[in-house]
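Biologist: Before planning any bench work, I should like to go through this structure with you, beginning with the ligand site. Please explain the reasoning behind each reply.

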Amino acid sequence: VYILAIESSCDETAAAVVKNGREVLSNVISSQIALHTLYGGVVPEIASRKHIEKVNQVVQAALDEAHMTLDEITAIAVTYGPGLVGALLVGVAAAKAIAYAAKKPLVPVHHIEGHVSANFIEHPDLEPPFVCEIVSGGHTHLVIVKDYGEFEIIGRTMDDAAGEAFDKVARAVGLGYPGGPKVDKAAKEGNPHAMEFPRAKVGGSQYDFSFSGMKSAVLNYINQAEMKGETICVPDLCASFQNAVVDVLVSRAVAATKEFGYKKLAIAGGVASNSALRAGMKAACEKAGIEFYYPSPIFCTDNAAMIGAAGYYEYINGVRAGWDLNAVPNLKLGER
Ligand code: ATP
Ligand code: MG
Ligand code: FE
């Protein structure tokens, strides 16, 4: 089964060809980061326009790189939510047009299921059930992947997503957008114990998260230093903030995996490429006798290969979209 996948939910126009859900034959990503950096974040209208310019080229490049023609493709998979509505619509419209013209089935894919499925690409042995911690720009979820495409949410953020907190802290210290990779890099030169930021506890479930308190503590620290005319050591601040985030992400995920009796833990989403999170999770899982899975950085942030992986399992489960498929900007995980 060869899936041609299209992803355009945010600021990456991406297309990929994936064989049997696990083998990536091509993975083309046209990033708009440079364009949005000017504004300190993604501007939805600009994102949509750029997707329109790029989508056909990116799809053709994905086919070329895979040395395949549209005839040889089994089905077209596309992200239909969650994300920016105008951005999603470009991918959805392109996928519909291609599927209709080439007489191929159209498979709707949930963006977050895509992030989780990035783990299938490089781990041929990984099969559900397992626990997955999804840490992206807009989501922070702890889920049990019961089966392909079947999720039970056991924890979620009550406020900011992990990636959002990274982006806001980066902006506050002038590192620019997107902040995650820049904080990660600066933290390598800093002392993670230089400052103590609160590890927020929240009401709900013991597996819920809260990052806005941590972010506010960092912003307060910056404001106070400025008022006193002190200079901030940016690497120390980044390392200390990152340490607080990683602490919470690692301890909750490992505790949940043990509590629910699973032996496998995966991470997914842009923040899963964070070097401290990967190292911290690896050490904690080794200690707890849990098998730890994580995708290569290129499959952590938005890409279409992960949509091809998720799309394959949706395809073999018989999931199909009609020509009336629409973008669903606030699509929830586990919903169709
Ligand atoms: P969502 O998937 O929730 O809709 P998104 O698609 O915008 O949101 P992703 O592409 O999964 O999010 O990830 C982008 C986020 O990951 C950004 O917030 C970015 O700062 C963060 N990120 C990327 N690399 C790193 C890193 N090395 N360390 C920490 N955060 C990172
Ligand atoms: Mg992005
Ligand atoms: Fe994403």
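Biologist: Which residues come nearest to ligand 1?

Modeller: Please note that this is a predicted model. The surroundings of ligand 1 comprise 24 residues. Of these, the ones that come nearest are Gly 137, Gly 138, Gly 163, Gly 180 and Gly 270.

Biologist: Which element gives the most to the shell around ligand 1?

Modeller: The elements that supply two or more residues to this shell are helix 4 (111-122), helix 5 and helix 6 (179-187). The largest contribution, 4 residues, comes from helix 6.

Biologist: How many residues of each class, nonpolar, polar and charged, does the shell around ligand 1 have?

Modeller: Glycine is counted as polar in this classification. On that basis the shell around ligand 1 divides into 6 nonpolar, 15 polar and 3 charged residues.

Biologist: What span should helix 7 have, and what does the model give?

Modeller: Helix 7 covers residues 212-227, which is 16 residues. At 1.5 Å a residue, the expected span is therefore 22 Å. The C-alpha atoms at its ends agree with this, being 22 Å apart.

Biologist: Which residues of helix 7 are buried, and which are exposed on the other side?

Modeller: An α-helix has 3.6 residues a turn, so residues three or four places apart point the same way. In helix 7 the buried residues are Met 214, Lys 215 and Val 218. Because they cover an arc of only 105° around the axis, they lie on the same side of helix 7. The exposed residues on the other side are Asn 220, Asn 223, Gln 224 and Met 227.

Biologist: What covers the buried residues of helix 7?

Modeller: Contact here requires C-beta atoms within 7 Å. The cover includes two helices, namely helix 5 (162-172) and helix 8 (234-259).

Biologist: Which residue follows helix 8, and what is its phi?

Modeller: Helix 8 has 26 residues and reaches 37 Å from first to last C-alpha, close to the expected 38 Å. Just after helix 7, Gly 229 takes a positive phi of about 70°. Helix 8 is likewise followed by a residue with positive phi, near 75°: Gly 261.

Biologist: What radius of gyration does the protein have, and what would a compact globule have?

Modeller: The protein has 11 helices and 10 strands, and 51% of its residues count as buried. For 336 residues, a compact globule would have a radius of gyration near 20 Å. The value for the protein agrees with this, at 20 Å.

Note on methods
Residues are numbered from 1 along each chain as its sequence is written. Chains are lettered from A and ligands numbered from 1 in the order in which they are written. This is a predicted model: local features need pLDDT of at least 70, side-chain atom pairs count only at pLDDT 80 or more; totals for chains, interfaces and linings use all residues. The radius of gyration is taken over C-alpha atoms; the globule rule is 2.2 Å times the number of residues to the power 0.38. A residue is buried if 20 or more other C-beta atoms lie within 10 Å of its own, exposed if 12 or fewer, and partly exposed in between; C-beta atoms are placed from the backbone. The expected span of a helix is 1.5 Å times one less than its number of residues. The arc is that of the directions from the helix axis to the C-beta atoms. A residue is near a molecule or strand if its C-beta atom, placed from the backbone, lies within 6 Å of it.
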